[in-house]
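Reader: Before we discuss any labels, could you show me the model and then take me through the reasoning behind the terms you use for it?

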Amino acid sequence: MNTPQQQGAGTTLRPPLATDAETSTAPHANVILDCGWGRLMYAPSFESTRLLASELMQEEAGKRDIALYVQAPQLLLAEAPASLFLDPSLMFRRPLSADAPAAGTAQGVVIRRLTTRADIAAMNRLYSMRGMVPLEPRTVWRQRESDALIYLIAEDERTGEVIGSVMGVDHALAFGDQEGGSSFWCLVVDPQTTMAGVGTSLVNQLIDLFTSRGRAFLDLSVLHTNQNAIGLYQKLGFTQTTGFAVKHKNSINERLFIDTAEVSALNPYARIIVDEARRRGVGVEIVDAEAGIFKLRHVGHEMLCRESLTELTGGVAMTWCQDKVLTLRRLASVGLRVPQQRVAGDAEADAAFLREHGEIVVKPALGEQGKGISMGVRTEEDLANAIQRAQKEGGHVVLEQFCSGQDLRIVVIGYKVVAAAIRRPAEVTGDGQSTLAQLIERHSARRAAATGGESRIPMDAETERCLAEQGLTMASVPEDGQRVQVRKTANLHTGGTIHDVTASLHPTLRAAAESAARALRIPVVGLDFLVPAPEQEEYVIIEANERPGLANHEPQPTAQRFIDLLFPYTA
């Protein structure tokens, strides 16, 4: 039960949970579990469908209530047909037996119970990254030692970073279930982790735990379209079983009960804006889903958008941003710090520029999404190859002074900084058995699944060059736990990861970003900085993106501020 519509943690029962001394599994009446993100209602325990419908109708704003194991959903829906809907999810079950133990935990992954308030914050960070309703911390904290609810945390053994979590429910203790079952909810894995097998390890831990308690089965519910998750669960021994869930209609789960085929065809950068617009009652017309073009309309006012690019961005601003030479020339003219550049052309002058700086970056002047960029070029042979790669993207090629530092993306909306994030190049973690080609392929598949196909690691000459500089090839087999950087650029579209640093951004960097937006006369822009650290004031600005992706900046309210800019009276 791991979809954004089916998740949770922290439980208050009506009647209360059994204490450690009270482990009776006698049937309970009208059981409701308050999970922080919403409530789970155990339908078989309810005295009538009318009472169950009444409870579903009391769903709080911004929450997601779920009625489970509904035996006659048509009768429940008949109580409030305009307000309730049948959840289009499938239920899967794995029988539990001491003779069929789980496979265990992946190497490098530590599974433990939730122990600190920081764990709850880490879980909410993961929920935010996956578009899930956040947990109410007080509810979770009260239930941290519950035997009926088990909150498990997955940690990266090397760094101690929380990279996954899951909530298990013991049906016998929570519901008084006479069948002696169990279920899991809110399985979530950091989409940016390089560790494999995190989700499997969490599920395996629950299998072992509930097996040791003598529970008969472990259930889960998954959206019928989530083929990646279904494939994983089938490998773990789950098979489809009968079971229905009913929910209350709200803006969060709207896509499950209305026709949203056009919206689902949008990429994540357009969809995050469309979802926020609909949540506020702003009308949406999809003009070209493949291109991410849509029209927003409210009270006679309309705005045509291509993802975060709107009619508010003028032609001159577009020109400044699209050509990397013009971008830096404009920013330098207002006193902002930028690296030295030249347009590639004369071979001897290009070589002289390389000798002057020792290490340079080669990029297509009109390129985007990290395509055609070569970082850390040091030899004339690599320079020639890099220029050739950049030329394939069209337009002129730029040679740029290499500036060391962390890749910082700052998103400015309405000439105010809304989000800042460090972007890190793609890397993989060895298992002592797989080649780098195999590791890259598997990690790239996970990144693509987590980002709606937006993030993949290219298996190209630039990746091979990056590996060669480390004395590696695609056929190399890294040691277990060894981390290998496979790209030099940190762009999300080439497999990079993004990490929020908005709260720690130095005031000088904030001021530079807002000055750059004003200089370019662009109300929505993503500015790429190179910095020693986001908490320090040193910087150079290397690019401006006139159509910045607003997704992947959780927990910052990028889509909210975007709609505020276009329709301020809907805030």
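**Reasoning behind the labels**

Author: In this predicted model, five strands make up an open sheet in the order 25-22-21-26-27, and their pairing is antiparallel.

Reader: What makes strand 25 and strand 27 the edges of this sheet?

Author: Strand 25 (497-500) and strand 27 (540-545) each have a single partner strand, so one side of each is left without a neighbour in the sheet. From one strand to the next, the twist averages 30°.

Reader: How do you know that strand 22 and strand 25 pair?

Author: Two strands count as paired if at least two bridges are found between them; strand 22 (residues 416-424) and strand 25 are joined by four bridges in the antiparallel sense, and they therefore meet the criterion. Within strand 25, H499 is the bridge partner of I422.

Reader: Why is T319 called partly exposed?

Author: The relative accessibility of T319 is 41%, and because partly exposed covers the range between under 20% for buried and over 50% for exposed, T319 is placed in that class. T319 is found in helix 10 (residues 315-322), and its C-alpha lies 9.5 Å from that of E546, although the two are 227 residues apart in sequence.

Reader: What makes strand 8 mostly covered, and which strands pair with it?

Author: In strand 8 (residues 162-170), nine of its nine residues are buried, a term that requires under 20% relative accessible area. Strand 8 pairs with strand 7 (residues 149-156) over seven bridges in the antiparallel sense, with A154 opposite G164, and six bridges join strand 8 to strand 9 (residues 181-189), also antiparallel.

How values were computed
Residues are numbered from 1 along each chain as its sequence is written. This is a predicted model: local features need pLDDT of at least 70, side-chain atom pairs count only at pLDDT 80 or more; totals for chains, interfaces and linings use all residues. Side-chain values use heavy atoms; hydrogens and water are left out. Buried means under 20% relative accessible area, exposed over 50%, partly exposed in between (1.4 Å probe, protein chains only). Helices (H or I, at least four residues) and strands (E, at least two) are DSSP runs, numbered from the N terminus. Axes are lines fitted to C-alpha atoms, for helices over the stretch in contact, and angles run from 0 to 180 degrees between N-to-C directions.
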